[in-house]
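Let's take a walk through this one together. Have a look at the whole thing first, and then we'll go from the big picture down to single residues.

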2 protein chains.
Amino acid sequence: MKHIVVLGGGFGGLAFTQRFRHERVKITLVDQTNHHLFQPLLYQVATAGLTMPDVSEPLRSVFSGRPDVSCRMDRVTAIDLKQRLVRLENGVLEYDYLVIAMGAVTGYFGNPEWESHAVGLKSLRDAMEIRRRVLTAFEHAETEEDPERAKVLKTIVVIGGGPSGVEMAGALAELAYRVFRKDFRNINPADARIILIHSRDRVLNYFPDPLPQRALKSLERLGVEVMLESRVEDIGQEQVTVGGQVIRAGTIVWTAGVVANPVTQTLGTPLDKRGRIEVEPDASLPGYPEVFALGDICSLSDAAGQQVPGVAPAATQMGKHVAELILQDVAAGKIRASEDRPAFTYLDKGTMATIGRSKAVAFAGRWKLSGLMAWLAWLAVHLMFLIGFRNRVSVLFHWIYSYTNYRSGARIIVDLENKK
Amino acid sequence: MKHIVVLGGGFGGLAFTQRFRHERVKITLVDQTNHHLFQPLLYQVATAGLTMPDVSEPLRSVFSGRPDVSCRMDRVTAIDLKQRLVRLENGVLEYDYLVIAMGAVTGYFGNPEWESHAVGLKSLRDAMEIRRRVLTAFEHAETEEDPERAKVLKTIVVIGGGPSGVEMAGALAELAYRVFRKDFRNINPADARIILIHSRDRVLNYFPDPLPQRALKSLERLGVEVMLESRVEDIGQEQVTVGGQVIRAGTIVWTAGVVANPVTQTLGTPLDKRGRIEVEPDASLPGYPEVFALGDICSLSDAAGQQVPGVAPAATQMGKHVAELILQDVAAGKIRASEDRPAFTYLDKGTMATIGRSKAVAFAGRWKLSGLMAWLAWLAVHLMFLIGFRNRVSVLFHWIYSYTNYRSGARIIVDLENKK
């Protein structure tokens, strides 16, 4: 019985495990959480539109019909390629094939001290922390007697103008200007400021013209102040320094950068400058054809010479590709050399970002879309790829409810950090 | 403009504020959280059947159509009856009328050191902590090599055989024996033990015969080990001592006792031995006819000489009663003496408890019900009294889903305590 160890239950690890099935192979899927997280909707958890279970599904539940798959909740501490084993906090796993799909973590450009002031957006815990900070800041602003202090509490800075930052800023603006306006009495939430800081000269900079301009217009119409060509110089307690100017803000959200999961440091194979594993064209590790890396933990230029982007569809496609390769290996009865295997080719099916309640921008090849139609496409695609029937129904219900009511259902502050 | 301060957004405070409305009176509703919590379904959050937002509703949202009501999220530190003011962590409120509806907190019979080992069930945070402990213990049991240790991890002790303890034990048994059985590979969750410890000679001891016996039978059929006439002598790290015997358990849940919110200590008026405020027949405080206490923070024997029980319907009825009294005062243009006001009379509309997926026991006066019919009645009543349209739809959907699938949708571990 061959044993495949899959590290990470994100898009890549999930796609691999769903595709790979062979009666003489068992799979162990390791993740430090007990669930798959649908990251593209995480910002809606942060802005109180969706609940935690809406965007996540227990891995055991995904694979409950697969007796060949064992799920294990544990943390990977090191990978020993030479001895073919993975060290976990609570044990060791030996493997015949290894699939590394542990993704990225928030990176602060070498300023780890920024982390406590500016929350990233990679996990459910991050999303709940952003939600707690925003809701608590507005609650405190309601009774704050010092108007200057109240202004600070009602200011939210989002750093990074990629899809995550743009979607986050749009959702925060709707929360502050539409949902909170009904909720608060003593303050005028319209005093709230949502500031989006981006280092480039346009948001969504890898989207083709005129989509960045349309996204900018949509953001500004929602009330977001967009600062372009602005580089963050420092982040401290409730303040961001940008271009020498200090902005005071009750909540600071960081979407400006990610780095590969630090476990890559234990491999001893070449990494790129963001810590990602440099893989062969077939996605295997140089010198270790039985080990693969996929998703945004790896760095790969595909057959066309294009760098494969760190997005969910790429991870999913790589997961399926690697599953096919190993199935071919198993059929051939041997671990083939990397050069004897087909190279991975990324098929770009398009990219989209939503801006608030009924606007989005999307493109696929030369095909571009913006406005309501793009938003409907965004809804359909996200519902389609969200895992689990229960989640789809629940998310659809939440969306219909908040679209028609201008309310978001999950505005509950639960301070799980500071035990009373 | 008169000013009424309401402390607490539970059943009592909510019912008062919903009933009381007068154009010359404004209300400030203070709660330490930002939401009303539907406590009767809290155990379903703890056992992963419902999500946090399902059982709670932001107070601002409940009163968004009431410009006369201001909500304030703050913690009450002291009440000064003589000066007619309430001290908060972030400010002071003066009042003309005060309604104290701050409820009860978990009490450990004078053993505060038990708190860190045995989780109570009064807040969303408690429910999330129980959920996290149970799910994590079973995850660890899956990879535990020492069979003795695995047994401990899969043992859950529930202390207290009142409605909360019975409902909790029943839901945990279904989680362990039905939901987990599909989920786990290496362990047999049927090895799990759910132990219910109760000091009396029957569970639900204030329910009339034969309901306690039927409840006991239903619990045992679900696989719960019920220990009657057993008093907990000590609780430590993963262990409970009862009758000299030490039971080792990965999760310990405490539903055996509550005491009044400790703010009652700052009043200087008579309290009963559980710290509850002793009130006059109209629910006002002795010597302070402008101050009322209601719900399970007060101790009141009604006109019939019956002690009003600390249950949600009693708090709701008292809230409405006090609203009427103050409206009469306002109409009369004066604060009437307690003896000039009608006494509160509790109307017992019945009591119910559910045991697992399709069993319940209920009684109202001489009318008794058990089994499926009682369970359907339980469903209807809980849906009816749950606040918020969104919550009702979402809860109903979750119930239908888990009833038909034997799955619970919220089995997500989020460790918000230990920041990684």
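What follows starts with the overall build of one chain and then stops at a few local spots.

A word on the ground rules first. This is a predicted model, in which local features need pLDDT of at least 70 and side-chain atom pairs count only at pLDDT 80 or more, while totals for chains, interfaces and linings use all residues. Residues are numbered from 1 along each chain as its sequence is written, chains are lettered from A and ligands numbered from 1 in the order in which they are written, and side-chain values use heavy atoms, with hydrogens and water left out.

How far does the predictor trust its own work? For chain A the mean pLDDT is 90, and 95% of the residues reach 70 or more; pLDDT is the predictor's confidence in each residue, from 0 to 100. Where pLDDT is low, the predicted coordinates should not be read in detail. For the complex, the predictor gives an ipTM of 0.80 and a pTM of 0.87.

Now for the build of chain A. You'll find ten helices and 25 strands in it; helices (H or I, at least four residues) and strands (E, at least two) are DSSP runs, numbered from the N terminus. The radius of gyration of chain A is 22 Å, close to the 22 Å that the globule rule gives for 420 residues, so chain A is as compact as a globular protein of that length. That radius is taken over C-alpha atoms, and the globule rule is 2.2 Å times the number of residues to the power 0.38. Along its principal axes, the C-alpha trace of chain A spans about 70 × 50 × 45 Å.

How much of chain A is buried? Of its 420 residues, 59% count as buried, where buried means under 20% relative accessible area, exposed over 50%, and partly exposed in between (1.4 Å probe, protein chains only). Contacts (heavy atoms within 4.5 Å) tell you about the chain's path: among those in chain A between residues at least 6 apart in sequence, 64% join residues at least 24 apart. On the outside, the accessible surface of chain A comes to about 16,900 Å², with 51% of it belonging to carbon and sulfur atoms. That area comes from the Shrake-Rupley method with a 1.4 Å probe; for residues, only the protein chains shown count as cover.

Time to zoom in, beginning with chain B. Helix α1(B) is mostly covered, with seven of its nine residues buried. Those buried in α1(B) include F11(B), L14(B) and F16(B). Move on into the loop between α1 (11-19) and β2 (25-31) of chain B and you meet H22(B). This histidine is buried too, with a relative accessible area of 15%. Leaving aside its neighbours within four places in sequence, H22(B) is in contact with L327(B) and V330(B).

Next, two residues with an unusual sign on phi. F109(B) has a phi near 50°, a positive value in a residue other than glycine. It sits in the loop between β10 (104-106) and α4 (124-143) of chain B. Is F109(B) buried or exposed? At 57% relative accessibility, F109(B) counts as exposed. E238(B) also isn't a glycine, yet its phi is positive, at about 55°. This residue lies in the loop between β14 (232-236) and β15 of chain B, and E238(B) is buried, with a relative accessible area of 17%.

Strand β15 of chain B (residues 239-242) is where T241(B) is found. T241(B) is buried, with a relative accessible area of 15%. Not counting residues up to four places away in sequence, T241(B) touches R231(B), V232(B), E233(B), D234(B) and V246(B).

Back in chain A, Q245(A) lies in strand β16 (residues 245-248). At 44% relative accessibility, Q245(A) counts as partly exposed. Setting aside residues up to four places away in sequence, Q245(A) touches M227(A) and V240(A).

One last stop is a pair of prolines. The peptide bond from D209(A) to P210(A) is cis, with omega near 0°, and P210(A) has its place in the loop between β12 (193-197) and α7 (211-222) of chain A. In chain B, the peptide bond from D209(B) to P210(B) is cis, with omega near 0°, and P210(B) is in the loop between β12 (193-197) and α7 (211-222) of that chain.
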